[in-house]
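Got the viewer open? Load the model and keep the selection box handy, and we'll walk through it stop by stop.

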Amino acid sequence: MERPGRLLLQSELRVRNAAYDVSLSRSLLIWKRRTSSPVYHPFRPSVCHSVPVSEIISVREEEEENGSRQRDDGSWKKIREREGKDCRQAFTVLYVERCRQHRWRCAEVTFTCSDEAVCQHWVSSIREQLASNTSRPKHLLVYINPYGGKRQGKRIYEQKVAPLFTQAGIATSVIVTEYANHARDHLKMEAELKKFDGVVCVGGDGMFSEIIHGLIWRTQIDCGVDPNSTEEALSPCSLRIGIIPAGSTDCICFASVGTNDPVTSALHIIVGDSQPLDVCSVHHNNMFLRYSVSLLGYGFYGDVLSDSERKRWMGPARYDFSGLKMFLTHHYYEGTVSYLPAKGIIGTPRDATRCRSGCVICQHNGQLNSERSEKYEMDEASDSESSGEWRTIRGKFLAINAASMSCACPRSPKGLSPAAHLADGTTDLILVRKCSRFNFLRHLLRHTSKDDQFDLTFIEVHRVRRFRFMPRHCQSDSDLELDLHENSKRQIFSQICKDHPACGCAPAYSSWNCDGEILTHTAIDVRVHGQLIKLFARGIEELPVFEDLSNPCAI
C-alpha cells in the first residue's frame, strides 16, 4: 500500500469515546487507537485503520449532541447540566470499503473534536484534498433505460445511486429513455457534451452499446473523421463512461470491475477511476455497421441470438432454449477468414495471466500500438496488407468468435477468452472447426472449468489487430479451395434444395452477433481501435489488495 507522504494534519480525536491518533497526508487518512497501557501486548495489537484520500467519498460536519440526551432519563435539568460539556463538534468521513467478490460499500467513521476550530480545520483540509483531485467528476449526464433487464433501472438509480452522487456533491442531468436508440441519437445530435465530465448509462450491455455508438460517432464528426472509412484511425473520446448495471448479462461490468453490483459501480464513478477500453469497428464494403467492445460471434452464437429474438415472449429463458436448440441442430458454415496477427506484443490467448487493475500487458501493448499508428499516419506505404502479413484460413466452422475481453459472466466465470485484455489493442479470434456434437459440448463446458478451453484439435485461437470474413455463399467455387471430393454429394444436394427449407438442409450462412445485436451483413471487415474509450472503472483488483486493506494498519 502507498506510504503516507508529508503530514498535513495530526490530532488526537475520539471515535466512539475511544482516543485515536488521527493523521492526514496527501495520500492517506490514518486513525490509530491509543493504548491504555504502555506495556506491549503481542496478542492485543492496537487497532489502526487507513483509507486512501482518493477513496474518500465526502466529509460532513455535524454536532454530536444526541448521545448525551439518549443516555439521560429525560429530565430537563440533566440536559441543561450536560449541555455545556457534552455538546462537542464532530465530523463524519464517508469512504470506500471493500467487501467480498470485488464489491465496494460506503462506510463512515465519525471523529469527535473538543475544539470547534480543530473540527473545521479537519473538514476544510479533507475537502481541499478532494477538490484538488481533478479526475473526480463534477457534472454527469445520466441515461436510464427503464425497460432493460427486469425493468428495475429507474428504481436502482433512484434508491441506490442518486443518494451517493448527492453525498459526493456530483450534479446530474438525468434522461429516461423512451424508445430504442434514444440515448444514441441524443448523444449524436443534441447533447451539450462540453458541460459534462462524463456519461453514465443505467441499464445492461445494450444500453452501454447505445452510449458508445452515440459518443464515438459524435467525437469522430467533431474531429472531422469519416466513420465509414476502414483505414482511418478513430479519435479517442474525451468523456469517460460509467455503467450502472441493471441488465440481464452486464458483461462489461464483470470484465472491468469484477461484479455487477450498482453501488460498486457508482463508487468507482465517484472516486474518478479511469480504465481505457478497446473498441472494434465493423464495416461492410466501406460502410460502417456497428462498434463492438465484447463479442463478435458467427455461427453458434449468431444462431442463438437470431433464434432467441423470435422468442422474446419467453423472457430470459429464451437464451437457454435457443442455446439447446442450436446445439442439437449443430449447423456449420463455410467461409474464409483473413486476419492480421498482432506482432511484437507480449501475451498470448493461452496465457495464465489475466487482465487486472494496472495491467502491464495493456500498458505495454497500448503504447506499442499508439507508436505503430503514428508511424502508419506518417508513412501510408507501410500498410500491413501490402507487406503480405495477412493470413488466410478457409474451411467449415461451427463458430467464429472475436473476444475483445474475457466476456466473463455468472454463467461463464472464465469467459470465452480468459486471457483477453481490455486495452491492449487486440482481439482474440477463436475458430471452432466442424466437429462432432460431443466435442463441441466439451468446448462449451470448458468455459466453466479450469481446463484450457483452446487445447482441442478442432479449435484455433489467434490474437489479431484486424480480420475479415467472407461467407461461402458470397464466393465463387474457384475462390474457396475445399475438398470437392469429400463434399460433392452435399453440394449437389444443396444446389437442388437450397430454396426449399422444408427439406431440413443446413442454411448456407449464419448471422453475426455483435454485442447482442444482429448485423445486417455477413461479409465484414473488423478493425481494433486501441483504448478508444475510457470507463469509470479501474479493472479487476487482485485478491491481495483486499487482504491488505482488511489487515490492521497495512502501511
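The tour starts with the whole chain, then visits helix pairs and single residues, and ends at the parts to treat with care.

**Ground rules**

This is a predicted model, in which local features need pLDDT of at least 70 and side-chain atom pairs count only at pLDDT 80 or more, while totals for chains, interfaces and linings use all residues. Residues are numbered from 1 along each chain as its sequence is written, and side-chain values use heavy atoms, with hydrogens and water left out.

**Stop 1: the whole chain**

Show everything as cartoon. You should have 14 helices and 21 strands on screen; here helices (H or I, at least four residues) and strands (E, at least two) are DSSP runs, numbered from the N terminus. Of the chain's 555 residues, 51% are buried. Buried is under 20% relative accessible area, exposed is over 50%, and partly exposed is in between, using a 1.4 Å probe and protein chains only.

Now switch on the surface. The accessible area is about 27700 Å², with 49% of that belonging to carbon and sulfur atoms; the areas come from the Shrake-Rupley method with a 1.4 Å probe, and for residues, only the protein chains shown count as cover. Take contacts (heavy atoms within 4.5 Å) between residues at least 6 apart in sequence: 76% of them join residues at least 24 apart.

**Stop 2: α5 and α6**

Select residues 182-189, which is helix α5, and 205-223, which is helix α6. Their axes come within 8 Å and cross at roughly 15°. Axes are lines fitted to C-alpha atoms, for helices over the stretch in contact, and angles run from 0 to 180 degrees between N-to-C directions. So α5 and α6 are roughly parallel to each other: angles under 35 degrees count as roughly parallel, over 145 as roughly antiparallel, 65 to 115 as roughly perpendicular and the rest as oblique.

The crossing of α5 past α6 is right-handed, which means that the near helix is turned clockwise from the far one by less than a right angle, anticlockwise being left-handed. Show side chains and look for the residues that make the contact, including His182, Leu187 and Met189 on α5 and Met207, Ile211 and Trp217 on α6.

**Stop 3: α9 and α10**

Next, pick 300-309 (α9) and 317-329 (α10). What angle do these two helices pack at? About 130°, with the axes 9 Å apart. That is why α9 and α10 are oblique to each other. The crossing of α9 past α10 is again a right-handed one. On the α9 side, look for Phe300, Asp303, Val304, Asp307 and Ser308; they meet α10 residues including Arg318, Tyr319 and Phe327.

**Stop 4: Arg318**

Stay in helix α10 and zoom in on Arg318. Is Arg318 buried or exposed? Buried, at 8% relative accessibility. Setting aside neighbours within four places in sequence, Arg318 is in contact with Ser308, Lys311 and Arg312. Draw a C-alpha distance from Arg318 to Leu305, 13 residues apart along the chain, and you should get 9.4 Å.

**Stop 5: two positive phi angles**

Move on to His330, in the loop between α10 and β15. Phi of His330 is near 60°, a positive value in a residue other than glycine, and at 16% relative accessibility His330 counts as buried. Then jump to Cys407, in the loop between β16 (391-403) and β17 (427-433). Phi is near 65° for Cys407, which is buried with a relative accessible area of 10%.

**Stop 6: Gly358**

Gly358 sits in the loop between β15 (333-341) and α11 (360-378). With 49% relative accessible area, Gly358 is partly exposed. Beyond four places in sequence, Gly358 is in contact with Gln363 and Arg538. Add Glu541 to the view: Gly358 and Glu541 are 183 residues apart in sequence but 8.6 Å apart in space, C-alpha to C-alpha.

**Stop 7: colour by confidence**

Finally, colour by pLDDT, the predictor's confidence in each residue, from 0 to 100. The chain averages 84, and 81% of its residues reach 70 or more. Confidence is highest in strand β8 (residues 139-144), at a mean of 98, and lowest in helix α13 (residues 484-497), at 39. Select 380-384 too, where pLDDT stays under 50. Where pLDDT is low, the predicted coordinates should not be read in detail.
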